[in-house]
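Me: I've got a model open and want a quick walk through it. Can we start with the side chains and work outward?

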Amino acid sequence: MGGLGSAQLSFSVALPWRHPPPQSKSSLQIQCALTKQGQRFLTKLAANAGDPSVANKLISKFLSSSPKSTALTTLSYLLSPHTTHPHLSSLALPLYSKITEASWFEWNPKLVAALVALLDKQGLHSQSEALISETVSKLGSRERELAQFHCQLVESHSKLSSKRGFDNAYAYLYQLLQNSNSVYVKRRAFESMVGGLCAMDRPREADDLIEEMRVKGLKASVFEFRSVVYGYGRLGLFEEMLKIVDQMEKQGFGDDTICSNMVLSSYGAHNELTAMAMWLQKMKESSVPFSIRTYNSVLNSCPTIMAMLQEPKTVPCSVEELTGILDGDEALVVKELVGSAVVDEAMMWDSTEAKLDLHGMHLGSAYLVMLEWFEAMRCRFDCGEYVVPAEVVIVCGLGKHSSVRGESPVKDLVKEMMRRMESPMRIDRKNVGCFIAKGRAVKDWLC
């Protein structure tokens, strides 16, 4: 490995098992989609984790028979706070130790930071501090790389809500912020500190830091403001959240879709549908475009719709039918969504193909977009201004990003709606993530 000695990476497999809580900051993207080989390995480990000698042998055998990508993906999976096997996270250190012995291994500060945070969360402070010391020694006087590493530490600790580790890394960055002559280092440290504080549910401290740095000549970017907006909003501190939105507008950042989606998500998390409907109206009045995430944030918060979608055999199959059974605030937010440009942006239309792409849409969004799409298709066919495409395709995916890999709730919903509405569209034999039909058949069906 060159910098991280084997003595300080010695391990025992019988480590404490913890359940790390999730966090929203995404600067450190740990890829954790397991390969089948990785899944088999973890299944065997789970069955033998109580026996350190067997676990060590399984790790050695796995690494000797796995390519670099599989080994690193499996390690990343164990380091991720979103792993579905948190009881195996204690094996991340022994796996990492063995990986460092591989001929292909290249030292990666992001992985080290993620491992340090996990060890600290597990109470293995001596091991985490040893990794930090060796990393600092390895990087020497390279200020920019040291700053990057401590930024990654702040972000990794905040992902796990680890106060001790976060505060230590934060203190280092604060000193850099005060003393560095590098604009890049100060900007990067500032960004990570604000984002980390908000992820740790400490938005007031982030707000104070922005003001402190403003006085010293370092102005917040749109990233820092958005972090504080979402930090306040997630805690239900809506008055403070809206004050930051107002500050953004005064400083020239204006209204934007990303910030608005954060506001909507915050309202939705606290069941504030009335406020959500009013914000959607404000977006329209300010010409702030809706996005797929706007739909996701809003519709995930609609209890009637989400309850209906648990049983697709009974869901309404038109916008008119849906709005007819919704009451109050839920009806208001759906009314504000319908007719936006989101459906047009999800559609492609030419003489060879008319396609609706549902990628990125949660179940509620896919449902409402489908209902709007039926009406949009009918209007285009009826007006006579659009050529009838040779084929019509709905792309719903294979469920790769679903909670259960390979099972797509969106695909199941589309299939059930097509069946109930006696649609000519069927699953494409060449691509089972799509529904397909002849354009003429779809026109005859809709019109």
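Reply: Sure. This is a predicted model. Start at Glu129, which is partly exposed, because its relative accessible area is 39%.

Me: What does the side chain of Glu129 meet in a salt bridge?

Reply: Arg164. The N to O distance in that salt bridge is 2.5 Å. Glu129 lies in helix H6 (residues 125-139) and Arg164 in helix H8, so the pair ties together parts that are 35 residues apart in sequence.

Me: Is Arg164 buried or exposed, or something in between?

Reply: Arg164 is partly exposed, with 34% relative accessible area.

Me: Which salt bridge does Asp120 form?

Reply: Asp120 pairs with Arg164, and their closest N and O atoms are 2.4 Å apart. That pair links distant parts of the chain. Asp120 is in helix H5 (residues 109-121), Arg164 is in helix H8 (residues 163-179), and they are 44 residues apart.

Me: And Asp120, buried or exposed?

Reply: Buried. Asp120 has a relative accessibility of 5%, and the cut-off for buried is under 20%. So Arg164 has salt bridges to Asp120 and to Glu129.

Me: How many salt bridges does a search of the whole structure find?

Reply: It finds 20. Some are linked in a network, made of Lys163, Asp167, Arg202 and Glu205.

Me: What about Lys216, which side chain does it meet?

Reply: The side chain of Glu212, in a salt bridge at 3.4 Å, N to O. Glu212 counts as partly exposed, because its relative accessibility is 25%.

Me: Switching topic. Which residues form the positive surface patch?

Reply: Lys36, Arg40, Lys44 and Lys61.

Me: Where does the largest share of the positive patch come from?

Reply: Helix H1 (residues 36-48), which supplies three residues. Lys44 lies in that helix. Lys44 counts as partly exposed, at 47% relative accessibility.

Me: Okay, strands now. How do S1 and S2 pair?

Reply: In the antiparallel sense, over three bridges, with strand S1 covering residues 347-349. S1 and S2 form a hairpin, and three residues sit between them.

Me: Which residue in S2 is the bridge partner of Trp349?

Reply: Ala354.

Me: And in what sense do S2 and S3 pair?

Reply: Parallel, over five bridges, with strand S3 running through residues 391-395. In S3, Val393 is the bridge partner of Lys355.

Me: Which way do the side chains point along S2?

Reply: They alternate along S2 (residues 353-357). Ala354 and Leu356 point to one face and are buried. Glu353, Lys355 and Asp357 point to the other face and are not buried.

Me: Why would they alternate?

Reply: That is the usual pattern, because in a regular strand the side chains alternate between the two faces of the sheet.

Me: Loops next. What is the phi of Asn271?

Reply: About 55°, so a positive value, although Asn271 is not a glycine. Most residues other than glycine have a negative phi.

Me: Where does Asn271 lie?

Reply: In the loop between helix H13 (257-269) and helix H14 (273-285). Asn271 counts as exposed, because its relative accessibility is 62%.

Me: What about the phi of Ser287?

Reply: Also positive, near 60°, and Ser287 is not a glycine either. Ser287 is found in the loop between H14 and helix H15 (292-299). Ser287 is exposed, with a relative accessible area of 61%.

Me: I also clicked on Phe223. Where is its place?

Reply: Helix H11 (residues 222-234). Phe223 counts as partly exposed, at 27% relative accessibility.

Me: How many residues apart in sequence are Phe223 and Val432, and what's the separation in space?

Reply: They are 209 residues apart in sequence. In space Phe223 and Val432 are 39 Å apart, C-alpha to C-alpha.

Me: Last bit, the whole chain. How many helices and strands?

Reply: The chain has 22 helices and five strands.

Me: And what does the C-alpha trace span along its principal axes?

Reply: About 75 × 55 × 35 Å.

Me: What percentage of the residues count as buried?

Reply: Of the 447 residues of the chain, 49% do. Asp120, at 5% relative accessibility, is one of the buried residues.

How values were computed:
Residues numbered from 1 in each chain as written. Predicted model: local features only at pLDDT ≥ 70, side-chain atom pairs only at ≥ 80, totals over all residues. Heavy atoms only, no water. Patch = residues over 30% accessible without salt bridge, like charges linked within 9 Å, V, L, I, M, F, W, Y side chains within 5 Å. Areas by Shrake-Rupley, 256 points an atom, 1.4 Å probe, with all protein chains shown as cover. Salt bridge = Lys/Arg side-chain N within 4 Å of Asp/Glu carboxyl O. Lys, Arg positive; Asp, Glu negative; His and termini not counted. Charge placed at Lys NZ, Arg CZ, Asp CG, Glu CD. Helix = DSSP H or I, 4+ residues; strand = E, 2+ residues; numbered from the N terminus. Buried < 20%, exposed > 50% of the residue type's maximum accessible area, 1.4 Å probe, protein only. Pairing = 2+ DSSP bridges.
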